[in-house]
2 protein chains.
Amino acid sequence: MALPRQTSSPVKPRVKRPTLKDVAGHAGVSLSTASLVFSGRGPVSPATADKVRAAAAALSYAGPDPLASSLRHGRAGTVAVVVEGRLTLAFSDPFALSVLDGLATELDTIPAGLLLLARVAGDDERLLTQLAAAAYDAVAFPLCAPKDDPAVDFLAGRGIPMIGAGAPVDPRILHVEVDERGLSAAMARHVTQLGHSRIGHVTLPMGAAAQARILCPADLDQANYPDARERAYGVLDVAPQARIVEAPDPGVSAGEAAARLLLDAPPDRRPTAIVAQSDLLAAGVIRAAREVGLRVPEDLSVTGVDGLDLPWLDQVLTTVVQDGFAKGRMLGSMIADAMAGRTVRPRPFPTALRIGTTTGPAPAG
Amino acid sequence: MALPRQTSSPVKPRVKRPTLKDVAGHAGVSLSTASLVFSGRGPVSPATADKVRAAAAALSYAGPDPLASSLRHGRAGTVAVVVEGRLTLAFSDPFALSVLDGLATELDTIPAGLLLLARVAGDDERLLTQLAAAAYDAVAFPLCAPKDDPAVDFLAGRGIPMIGAGAPVDPRILHVEVDERGLSAAMARHVTQLGHSRIGHVTLPMGAAAQARILCPADLDQANYPDARERAYGVLDVAPQARIVEAPDPGVSAGEAAARLLLDAPPDRRPTAIVAQSDLLAAGVIRAAREVGLRVPEDLSVTGVDGLDLPWLDQVLTTVVQDGFAKGRMLGSMIADAMAGRTVRPRPFPTALRIGTTTGPAPAG
DNA sequence: GATACTAGTCGAAACGATTCGACCGACACG
DNA sequence: CGTGTCGGTCGAATCGTTTCGACTAGTATC
C-alpha cells in the first residue's frame with residue numbers, strides 16, 4: 001500500500017511543551033485564573049498565585065507562548081528594520097551603526113525586539129517574502145527610505161506604520177527629516193567661499209552599480225536612494241559645474257576608487273575640492289589623494305558628512321555633524337508613538353557644520 | 001461616576017484589517033479553500049483560485065497574518081541573535097559583522113528572520129525579558145556564548161535550540177568549535193620562537209570592566225566570556241610569565257589603552273612582544289607603540305586574531321585568520337538543522353596562521 | 001437583616017490562520 | 001451498470017493565549 005501523499009517534510013515535531021492549560025490543570029484552577037497569574041493583570045489571591053507558580057515550576061513551564069500571546073494581543077512586539085544591502089557593507093559605516101544603536105536603545109523601552117531585514121538592490125522579491133513571512137508592528141528605514149519600492153505598497157496595504165530618516169520620498173513613510181540638500185549645499189558653499197571652482201562630488205550608492213562611475217546630472221533622477229540624490233542636488237545648487245562620481249558602496253575603498261576617477265586628470269582639469277557624501281567616503285578620497293601625491297588641504301580640500309570619530313585619520317575632517325545615536329532614538333520614539341496609536345508627525349533633525357583641517361584655500365593657479 | 005479601573009493604555013485599536021474569512025466570504029468559497037489558495041498546498045481549481053485572488057485584491061488583503069500562521073505551524077520563522085553589549089561596540093569589529101552577515105545569508109535560505117538582542121553585561125534581566133516576550137525558533141550566540149547565564153536555563157526550559165561559536169561553555173549549547181586556546185598558544189609560540197621572552201597579552205573584555213586593567217592569572221577563572229579566557233590560557237600555556245591586560249571593549253582605542261598599561265614601564269621590563277586577542281586590539285597596540293616611540297616590529301612585535309582587512313594599517317598583521325562569513329554560515333546551517341529537527345553535532349572550524357610584517361626577532365639586549 | 005459592593009474565580013468567545021477527514025460528483029474500467 | 005479513484009470543496013478541530021461577562025461568597029453599610 002502506497003503512501004497516500006508524501007508527508008510534507010521529515011520534521012520531527014518539536015517535543016511537546018506544557019501549556020498554560022496543563023499548568024492550570026496541575027494547579028487545580030481554571031485556565032483564565034492561571035493566565036491572570038502570569039499577566040499580573042487581574043486580582044488573584046496570593047494563595048492561588050503561589051499554587052499556579054508552583055505548578056509551573058513543577059512542569060517547567062517557562063511562561064506563556066509569545067506567539068499565542070501576540071496573536072491575541074494583536075501586536076508582535078517587534079519592529080522590522082530594513083537595511084540596504086549586505087549587512088557587512090551596511091554597517092561598515094559607524095554612522096549606520098550608531099543609528100541602529102540609538103534605535104535599539106529606544107525600542108528597548110517600549111519594549112520591542114528588532115528584526116533585521118536586508119534589502120539587496122535589484123532583488124525586491126526577497127525583501128517582500130521576508131516582510132510577508134515575519135511578524136512586526138512597524139518598519140523602520142533607518143538609513144534611507146527606498147524609492148518606488150513594492151515593499152512600501154505592501155506595508156501600506158497591511159496598515160503597518162513606516163518610519164524613515166532622511167529625505168522624504170513617499171507620503172506614507174513618516175520621517176525624521178534631515179535637510180539633505182541643504183547640508184550638502186552648505187558644504188559646497190564652504191569650499192566655493194574658499195575660492196574653489198573645480199569641484200568634485202562623491203556620492204553614496206544610488207543603485208546597484210558594481211563599481212565607481214561618473215554620473216551626469218540627468219542620472220540623478222533615476223537614483224534609488226533619495227538621500228544620495230538630494231545631497232547631489234545640493235552640491236549642484238551651489239556648484240552646477242561640479243563633476244559627480246558615484247561610489248559603489250559606502251566603504252572607504254569605494255570612496256578611494258570614486259575619487260580616483262576624479263583625480264586621474266591633467267592637473268589643470270583636476271578638482272581642487274571634493275565634497276563627499278559621507279566621512280567614510282571622504283577618508284577614501286584622502287587616501288586616493290595621497291596616492292597620487294596630493295596634499296590635503298594644500299592641493300585638495302575634502303569634506304564629508306556625519307562627523308564620525310575616525311582615530312586612524314590624522315586630520316580632522318571638515319564635515320556636517322549629525323548625532324547618529326540621537327537620530328536612532330528619534331526614529332525609535334516616533335515608532336513608539338505610532339505603535340501606541342498616537343498621531344506621529346515628521347520631526348526635523350538638526351545638523352551642524354564642523355570646519356576641520358581638510359579644507360583650505362584653493363591653490364593658486 | 002468614576003471610571004471602574006484605569007484602562008490599561010490609550011491605544012487606539014489598529015484599524016481592522018480584512019481576514020482570510022472576509023476574503024473567503026467575498027469570493028463565495030469556504031475559509032479552508034481560501035487558505036489553500038494562499039498556501040498553495042492543496043488542489044484548487046484555477047477558477048476558484050482566481051476568484052479568491054480577485055476577492056483579496058478587492059479587499060486589499062495582503063496575505064495571511066504571520067502571527068496566526070506561525071501559531072498554527074508552531075514556528076516563528078525567526079532566529080534570535082544575542083550580541084554582547086551595545087550594538088555600536090559589538091559591531092564596531094568588522095569580524096563580528098562578517099559573522100552576522102554569514103549568519104543572515106544562511107538564514108535567508110531557510111528562510112528565517114533575524115531578531116537582534118543585546119546582552120549588556122550586568123543586566124541579565126533585560127535579556128530575559130526580551131527572550132520571554134519575543135517569538136523565535138532558535139538562538140544564536142554568534143560571538144561568544146555566555147557563562148552561567150540565566151538566559152541559557154530559560155531557553156533550555158523552553159526547548160529552544162541554542163547554537164554558539166567559540167569555546168564550548170554549556171553542554172546545552174551546540175557549538176561551532178574553534179580551538180581558541182590552541183590558536184592563541186600558536187601565536188605565543190610564534191613570538192617565543194622569534195626569541196621574545198617578555199610577552200604581553202591584551203585580552204578582549206571578560207566582564208564589565210569600565211577601563212583597561214591588569215589581570216592576574218587567577219582572575220581568568222571568573223571571566224564571563226570563555227573565548228577570552230581560553231585565549232589567555234593559551235598564551236599562558238606557552239608563556240606562563242606573560243603579563244595580561246584586559247581591554248574594556250573590542251575597539252581600537254581600548255586596545256591602545258590596554259597596551260599603554262604594558263608599555264608604560266622601564267625599557268628593560270617592557271614587553272618586546274604583545275599578543276592581542278583580536279586584530280582590532282592589535283591595531284590599538286600598534287598605535288600605542290608609535291605614541292611611545294617604539295617601532296613595530298623592530299622594538300615591539302604585535303599579533304592579532306581574525307585576519308581582518310585593515311586598509312588604514314600600513315602593515316600586514318601577523319594573525320590567526322578565520323573566515324567570519326563562513327563561520328556565520330556554519331552557525332546558520334547548524335541552526336537550520338536544529339530547526340528541521342535533524343540532530344546537530346558540534347562542528348570544528350578551521351583557522352590558519354598568517355605571518356605578516358608586525359612580528360620580528362626580539363631586539364638584542 | 002436586607003442591600004450593595006468587592007475580591008476572587010471561572011466558562012466561553014475571541015485572535016486568524018492551517019489541516020484532517022469527509023463528502024460529492026465525474027470519469028475510467030471491467 | 002457497479003465499483004474504485006481522484007480532483008475539488010468544505011466543516012470542524014486546533015494552535016495557546018487573553019479577556020469579557022457572569023457568578024459566588026464574604027464584608028461593609030444603613
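**Sheet, cores and aromatic pairs in a two-chain model**

Let me begin with one pairing inside chain A, where strand S1, residues 78-84, and strand S3, residues 138-141, run parallel and are joined by three bridges. To take one residue from that pairing, A:Val79 has A:Ala138 as its bridge partner in S3(A). I should say at once that what we have on the screen is a predicted model, and I will speak of it in that sense throughout.

From that pairing we can widen the view to the sheet, which is open, has twelve strands with mixed pairing, and follows the order S12(A)-S5(A)-S4(A)-S3(A)-S1(A)-S2(A)-S2(B)-S1(B)-S3(B)-S4(B)-S5(B)-S12(B). At the edges stand strand S12 (347-348) of chain A and strand S12 (347-348) of chain B, and each has a single partner strand, so one side of each is left without a neighbour in the sheet.

Now to the nonpolar interior. The largest nonpolar core has 164 residues, and the residues with the most contacts inside it are A:Leu116 and B:Leu116. If we set aside residues up to four places away in sequence, B:Leu116 touches A:Leu100, A:Leu114 and A:Leu116 from chain A, together with B:Val81, B:Val83, B:Leu87, B:Phe91 and B:Leu100 from chain B. There is also a second, separate core, this one of 37 residues, and among them are A:Tyr136, A:Val139, A:Ala145 and B:Phe154.

Let me finish with the aromatic residues, for which the model holds three pairs over all chains. In chain A, the ring centres of A:Phe38 and A:Tyr61 lie 5.3 Å apart with the planes at 70 degrees, and because an angle over 60 counts as edge-to-face, that is how this pair is classed. The pair links distant parts of the chain, 23 residues apart, with A:Phe38 in helix H2 (residues 31-39) and A:Tyr61 in the loop between helix H3 (46-59) and helix H4 (66-73). As for burial, A:Phe38 is partly exposed, with a relative accessible area of 30%, whereas A:Tyr61 is buried, at 11%.

Turning to chain B, the rings of B:Phe38 and B:Tyr61 have their centres 5.3 Å apart and their planes at 70 degrees, so this pair too is edge-to-face. Here B:Phe38 sits in helix H2 (residues 31-39) of chain B, and B:Tyr61 in the loop between helix H3 (46-59) and helix H4 (66-73), 23 residues apart. With a relative accessibility of 29%, B:Phe38 counts as partly exposed, while B:Tyr61, at 12%, counts as buried.

How values were computed:
Residues numbered from 1 in each chain as written. Chains lettered and ligands numbered in written order. Predicted model: local features only at pLDDT ≥ 70, side-chain atom pairs only at ≥ 80, totals over all residues. Heavy atoms only, no water. Core = buried A, V, L, I, M, F, W, Y, C linked by side-chain atoms within 4.5 Å. Buried < 20%, exposed > 50% of the residue type's maximum accessible area, 1.4 Å probe, protein only. Contact = heavy atoms within 4.5 Å. Pairing = 2+ DSSP bridges. Helix = DSSP H or I, 4+ residues; strand = E, 2+ residues; numbered from the N terminus. Phe/Tyr/Trp six-rings, centres within 6.5 Å; stacked < 30°, edge-to-face > 60°.
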